[in-house]
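The following exercises guide a reader through one protein structure. Each task is followed by a solution in steps.

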Amino acid sequence: MARRNIYDRCNPKCLKNVFCFSILFSLLAVASAQLSSGFYGTTCPNALSTIKSAVKSAVAKERRMGASLLRLHFHDCFGCDASVLLDDTSSFTGEKSAAANVNSLRGFDVIDDIKSQLETTCPGIVSCADILAVAARDSVVALGGPSWTVGLGRRDSTTASKDAATNDIPSPLMDLSDLITSFSNKGFTTQEMVVLSGAHTTGQARCQFFRGRIYNETNVDSDFATSVKSNCPSIDGDDNLSPLDVITNVSFDNVYFKNLVNKKGLLHSDQQLFSGGSTDSQILNAEIKIGKTLEHNAPLISLVHDRLTRLTN
């Protein structure tokens, strides 16, 4: 199935399609309204169960997909408008080719499948942006993490900007001050930034984004660096993958924070959160205690819940 055929139902060029009138009507109706978890309660009552089922199946087939869907939403959600899904056109260069996304973002096929199912049962109703938001939540749950209520009623963008994605999405090479600024520009506090960074408890990164850290930095556990170097040579192997969390890579827990304390953060930007700077105390304080799993740490569950809710709403 061609991806553009699905997403372009939100594009003005398809106004001749009756689906588009339905979409535009529903989106205009919430242009100035607050998001609501019951937005599709009458127009597409099976929307949430459809998304949940598809995500659960995809993660069961490949555990890494949970992290991929969460990341896909995060990279969209310095806007939350599904613009990350749009291919290039003659009028704009989309976000897929931005440095943070190219040859990196995945899970588009899962979103395709969900959108196709919803178009069959509720044509022209559920926005791609809402699918991304709910799929991110369901992915975290599928990996053993907490759930939260997702507000619905987002509008899909009909355009995208490679430059905006390049400038807005935090780089894995950023120092702490730049990370704080990047998140602050989107309304997040430093503490919220730290908690959201905990999503790196699952997923993988490409060698080119952490080679400099494991070969050149000093605040890295030597055994950890040696282990990672085996799959990331000093030259070549840019696309080789290593887990962001070497302990529990396919589970959504808080071992990520323990890794930082032990100087086992894979990315430079991750280790910056515990490297003698202002966020060290937030890794260690009572709200982000190092425990075996999220279930053993109710304060952290609550904090992650609040921050993920804010990101997806």
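**Exercise 1. A residue in a loop**

Is D236 buried or exposed? Determine also where D236 lies and what is notable about its backbone.

*Solution.* The model is a predicted one.

Step 1. Locate the residue: D236 belongs to the loop between α11 and β2.

Step 2. Apply the cut-off: a residue is exposed when its relative accessible area is over 50%. D236 has a relative accessible area of 59%, so D236 is exposed.

Step 3. Turn to the backbone. Most residues other than glycine have a negative phi. D236 is not a glycine, yet its phi is positive, at about 70°.

Step 4. Treat K263 in the same manner. K263 sits in the loop between α12 (255-261) and α13, and its phi is near 60°, a positive value in a residue other than glycine. Its relative accessible area is 41%, so K263 is partly exposed.

**Exercise 2. The chain as a whole**

State how many helices and strands the protein chain has, and what share of its residues count as buried.

*Solution.* Step 1. The secondary structure consists of 15 helices and two strands.

Step 2. The protein chain has 313 residues, of which 51% count as buried.

Step 3. Consider the contacts with a separation of 6 or more: 72% of them are between residues 24 or more positions apart.

**Exercise 3. The disulfides**

Identify the cysteine pairs that form disulfides and explain which parts of the chain each pair ties together.

*Solution.* Step 1. Apply the criterion, which is a pair of cysteine sulfur atoms within 2.5 Å. The count by this rule is two disulfides.

Step 2. Take the pair C44 and C122, whose S to S distance is 2.1 Å. The link of C44 and C122 is right-handed, with 80° about the S-S bond. C44 is in the loop between α2 (18-29) and α3 (47-61), while C122 is in the loop between α5 (108-121) and α6 (128-142), so this disulfide ties together parts that are 78 residues apart in sequence. Both C44 and C122 are buried.

Step 3. Take the pair C207 and C232, with an S to S distance of 1.8 Å. The link of C207 and C232 is also right-handed, with 70° about the S-S bond. C207 is in the loop between β1 (204-206) and α10 (211-216), and C232 is in the loop between α11 (222-229) and β2 (241-243), so the parts tied together are 25 residues apart in sequence. Both C207 and C232 are buried.

**Exercise 4. The largest pocket**

Describe the largest pocket by its volume, its lining and the class of its lining residues.

*Solution.* Step 1. The space in the largest pocket is about 810 Å³.

Step 2. The pocket is lined by 39 residues, and those closest to its centre are R71, H75, H200, L244 and L267.

Step 3. Assign the lining to elements. Two or more lining residues come from each of α4 (64-76), α8 (176-184), α9 (190-197), β1, α13 (268-271) and α15 (298-312). The greatest contribution is that of α4, with eight residues.

Step 4. Sort the lining by class: 21 residues are nonpolar, 13 are polar and five are charged.

**Exercise 5. The surroundings of H75**

Which feature does UniProt place at H75, and with which residues is H75 in contact, apart from neighbours within four places in sequence?

*Solution.* Step 1. The unreviewed UniProt entry places the feature "active site" at H75.

Step 2. H75 is part of helix α4, and H75 is among the residues closest to the centre of the largest pocket.

Step 3. A residue counts as buried under 20% relative accessible area. The value for H75 is 8%, so H75 is buried.

Step 4. With neighbours within four places in sequence left aside, H75 is in contact with E95, A100, N101, L105 and I169.

**Exercise 6. Two further helix residues**

Determine whether R211 and T50 are buried or exposed, and list their contacts beyond four places in sequence.

*Solution.* Step 1. R211 is in helix α10. Its relative accessibility is 15%, so R211 counts as buried.

Step 2. R211 is in contact with C232, P233, S234, I235, D236, G237 and D238, leaving aside neighbours within four places in sequence. Among these are C232, which is joined to C207, and D236, which is in the loop between α11 and β2.

Step 3. T50 is in helix α3. Its relative accessibility is 15%, so T50 counts as buried.

Step 4. Not counting residues up to four places away in sequence, T50 touches Q117 and L118.

Terms used
Residues numbered from 1 in each chain as written. Predicted model: local features only at pLDDT ≥ 70, side-chain atom pairs only at ≥ 80, totals over all residues. Heavy atoms only, no water. Helix = DSSP H or I, 4+ residues; strand = E, 2+ residues; numbered from the N terminus. Buried < 20%, exposed > 50% of the residue type's maximum accessible area, 1.4 Å probe, protein only. 1 Å grid on protein atoms, 1.4 Å probe; cavity = no way out; pocket = protein on both sides within 12 Å on 5 of 7 lines; lining within 4 Å. Points joined across faces, edges and corners; volume = space filled by probe spheres on them. Nonpolar A, V, L, I, M, F, W, Y, C, P; charged D, E, K, R; others polar. Contact = heavy atoms within 4.5 Å. UniProt positions renumbered as here; feature names shortened; annotations may be inferred.
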